[in-house]
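Me: I've got a structure open and a pile of "how do you know?" questions about it. Can you walk me through the reasoning?

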Amino acid sequence: MKTIKTAVIGAGGRGSLYAGYALHYPHEMEITAVAEPNPARREAFRQRHGLAPQACYADWRDLLAGPRCADALLVCTQDTMHYEPTIRALEAGYHVLLEKPMSTVPAECVDMGERAKRHGAVFAICHVLRYTVFFATLKRLLDEGRIGQLVTIQHNENVSYWHQAHSYVRGNWRNAAQSSPMIVAKCCHDMDALLWLAGADCELVSSFGSLAHFRPEQAPAGATARCLDGCAAADECAYYAPRHYLTANVGWPTAAISDDPSYEARLRALREGPYGRCVYACDNDVVDHQVASLQFANGVTAAFTMSAFTYDNDRTIKLMGTKGEIRGAMGKGELEIVEFATGHRQTIALRVPDNGQAGHGGGDFVLMADFLRQVRERVARQERGESGGSAAGGGQGGRTSADKSVQGHLMAFAAERSRLENRVVRLEEFYK
Ligand SMILES: NC(=O)c1ccc[n+]([C@@H]2O[C@H](COP(=O)([O-])OP(=O)(O)OC[C@H]3O[C@@H](n4cnc5c(N)ncnc54)[C@H](O)[C@@H]3O)[C@@H](O)[C@H]2O)c1
């Protein structure tokens, strides 16, 4: 099996996680270079992967300015920094795995998909849900006709109060102009999953939602701008920062507040950094609840709800077909399927793959394995002198494709446009 040489742009949370695949499966993937401006992160990454100092860059532009140093490139920078490195990497002949959202601009999503086809590159987006046992099993049960013809889907993204506060009130995705609207940042995964399950193109979208709670006028009496400034509401506030970040858990999400996990460094981060701010005194503007109704070309409909106001951070779904229904909660690792004619109920316990990565129900590493397989096939064809053709040509393809990823993103952009303009939006508006 050919080991795929891989370079990483952005050695933050996601870049480090995906690169970790090389440590578990060194015969499949070798990290050959990294670009990361944060010196501490860059050095930690360098040591973890045994890189020479000259293979470590402070900026993606420097990495891409030199000769091609890998077969594949992972683009794991923040939302607004995806487009440029991706098109430059495609032009330089890399196969690219790009974090979601592809871009915060719809036209850039379409452009990247088209460029990848022109360059004959493997171009995959980190839509991890397709790679989870939960969604893969739902798709298989539908394809087997276990509930007859699918008619409608009810899908909930239960973000949970603490995850909303961490990422979408205090954290990197709190402000739509600086990152992207909530439905793009968080729910492009869900849109992609709904597109996959519905099995047809999405045609119409309508959506409502707002920022209901995380605003100054909702602050309890005695709240201070920072939790550690003697907040009088500390005891009853679910968002009191020390309760979340000064615990024994120094993994995600606490790891995001400070590169140094020591208690002192975390305390300093809460006194000075964004994660110590009162959730009612941040510069956030993304919604904390949003619903979307979707109609697909085959008549299937879907009702989607994203909410911060849940205890569990989980996705729950109900698929309703002509002969039965399937219900599931991803976090429970369980599906229930009921057949109308017999009343027969079956509970299916799902086994999360033991692949060294629990993130997204094991999906993170399944996605990486699938991407590497596609690159391996494409490189082999190129080495045999076969044209390789378009991204869709030859090989088994991946579980997702640039075309589908683009459409999933456009569904999210359409939902946001619908919410802002109070009207039903046709997906074809975006392709035009
Ligand atoms: N697929 C998923 O489920 C999933 C989950 C979380 C986040 N994400 C997405 O992944 C992306 C990265 O998120 P994250 O949590 O890892 O963020 P992060 O901030 O931890 O990592 C981004 C890294 O990019 C680096 N960077 C900044 N400028 C750079 C430059 N010029 N050249 C090279 N690197 C540069 C930053 O220093 C940082 O270390 C985001 O777009 C996010 O929306 C996807």
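Reply: Sure, we'll go through the sheets, the helices, the ligand surroundings and a few odd backbone spots. One thing up front: this is a predicted model.

Me: What makes α5 and α13 roughly antiparallel to each other?

Reply: It's the angle between them. The axes of helix α5 (residues 106–119) and helix α13 (residues 402–421) cross at roughly 175 degrees. Angles over 145 count as roughly antiparallel, so α5 and α13 get that label. Their axes come within 9 Å.

Me: Which residues make that contact?

Reply: From α5 you have Pro106, Cys109, Val110, Gly113 and Ala116. From α13 there are Ala402, Asp403, Val406, His409, Leu410 and Phe413. By class, that contact has eight nonpolar, two polar and one charged residues.

Me: Why are β3 and β6 called edge strands?

Reply: Start with the strand order. Six strands form an open sheet, β3-β2-β1-β4-β5-β6, with parallel pairing. β3 (56–57) and β6 (123–125) each have a single partner strand, so one side of each has no neighbour in the sheet.

Me: How do you know that β5 and β6 pair?

Reply: The cut-off is at least two bridges between the strands, and β5 (residues 95–98) and β6 have three, in the parallel sense. For a pair to look up on screen, the bridge partner of Leu97 is Ala124 in β6.

Me: What makes β14 and β15 the edges of the other sheet?

Reply: That open sheet has nine strands in the order β14-β13-β12-β11-β7-β10-β9-β8-β15, and its pairing is mixed. β14 (345–349) and β15 each have a single partner strand, so each is left with one side lacking a neighbour in the sheet. Two helices also pack on this sheet. α9 (residues 188–198) touches β7 (150–158), β8, β9, β10 (301–307) and β11, and its direction makes about 160 degrees with that of β7. α13 touches β8, β9 and β15, and makes about 50 degrees with the direction of β8.

Me: How do you know that β8 and β15 pair, with β15 being so few residues?

Reply: They have two bridges, in the antiparallel sense, and at least two is what pairing takes, so they qualify. One to find is Val205, whose bridge partner in β15 is Val425. β8 (residues 202–210) also pairs with β9 (residues 289–296), again antiparallel, over eight bridges. There, Gly209 stands opposite Gln290.

Me: What sits on either side of β12 in the sheet?

Reply: β11 and β13. β11 (residues 314–321) pairs with β12 in the antiparallel sense over five bridges, and a hairpin through two residues joins them. Thr316, for instance, has Ala329 as its bridge partner in β12. On the β13 side (residues 334–339), six bridges join the antiparallel strands, including Arg327 with Glu336 and Gly328 with Leu335. That hairpin has four residues between its strands, and Gly333 in the turn has a positive phi of about 65 degrees.

Me: And which residues of β12 are on the covered face?

Reply: Gly324, Ile326 and Gly328. The uncovered face has Glu325, Arg327 and Ala329. In a regular strand, side chains alternate between the two faces of the sheet.

Me: Why is Ser160 called partly exposed, but Asn422 exposed?

Reply: Count the C-beta neighbours inside 10 Å. Ser160 has 17; buried takes 20 or more and exposed takes 12 or fewer, so Ser160 counts as partly exposed. Asn422 has 9, so it counts as exposed. Both have a positive phi without being glycine: about 85 degrees for Ser160 and about 55 degrees for Asn422. Ser160 is in the loop between β7 and α7 (161–169), while Asn422 is in the loop between α13 and β15.

Me: Where are the cis peptide bonds you'd point me to?

Reply: One runs from Lys100 to Pro101, with omega near -15 degrees; Pro101 is in the loop between β5 and α5. Another joins Trp252 and Pro253, with omega about 5 degrees, and Pro253 lies in the loop between α10 (241–245) and α11 (263–272). Most peptide bonds are trans.

Me: Last one: which residues come nearest the ligand?

Reply: Gly10, Gly12, Gly13, Arg14 and Glu99, out of 26 around it. Helix α1 (residues 13–24) gives the largest share of that shell, three residues. By class, the shell has 10 nonpolar, nine polar and seven charged residues.

Methods. Residues are numbered from 1 along each chain as its sequence is written. This is a predicted model: local features need pLDDT of at least 70, side-chain atom pairs count only at pLDDT 80 or more; totals for chains, interfaces and linings use all residues. A residue is near a molecule or strand if its C-beta atom, placed from the backbone, lies within 6 Å of it. Ala, Val, Leu, Ile, Met, Phe, Trp, Tyr, Cys and Pro count as nonpolar, Asp, Glu, Lys and Arg as charged, and the others, Gly among them, as polar. Axes are lines fitted to C-alpha atoms, for helices over the stretch in contact, and angles run from 0 to 180 degrees between N-to-C directions. Angles under 35 degrees count as roughly parallel, over 145 as roughly antiparallel, 65 to 115 as roughly perpendicular and the rest as oblique. Two residues are in contact if their C-beta atoms, placed from the backbone, lie within 7 Å.
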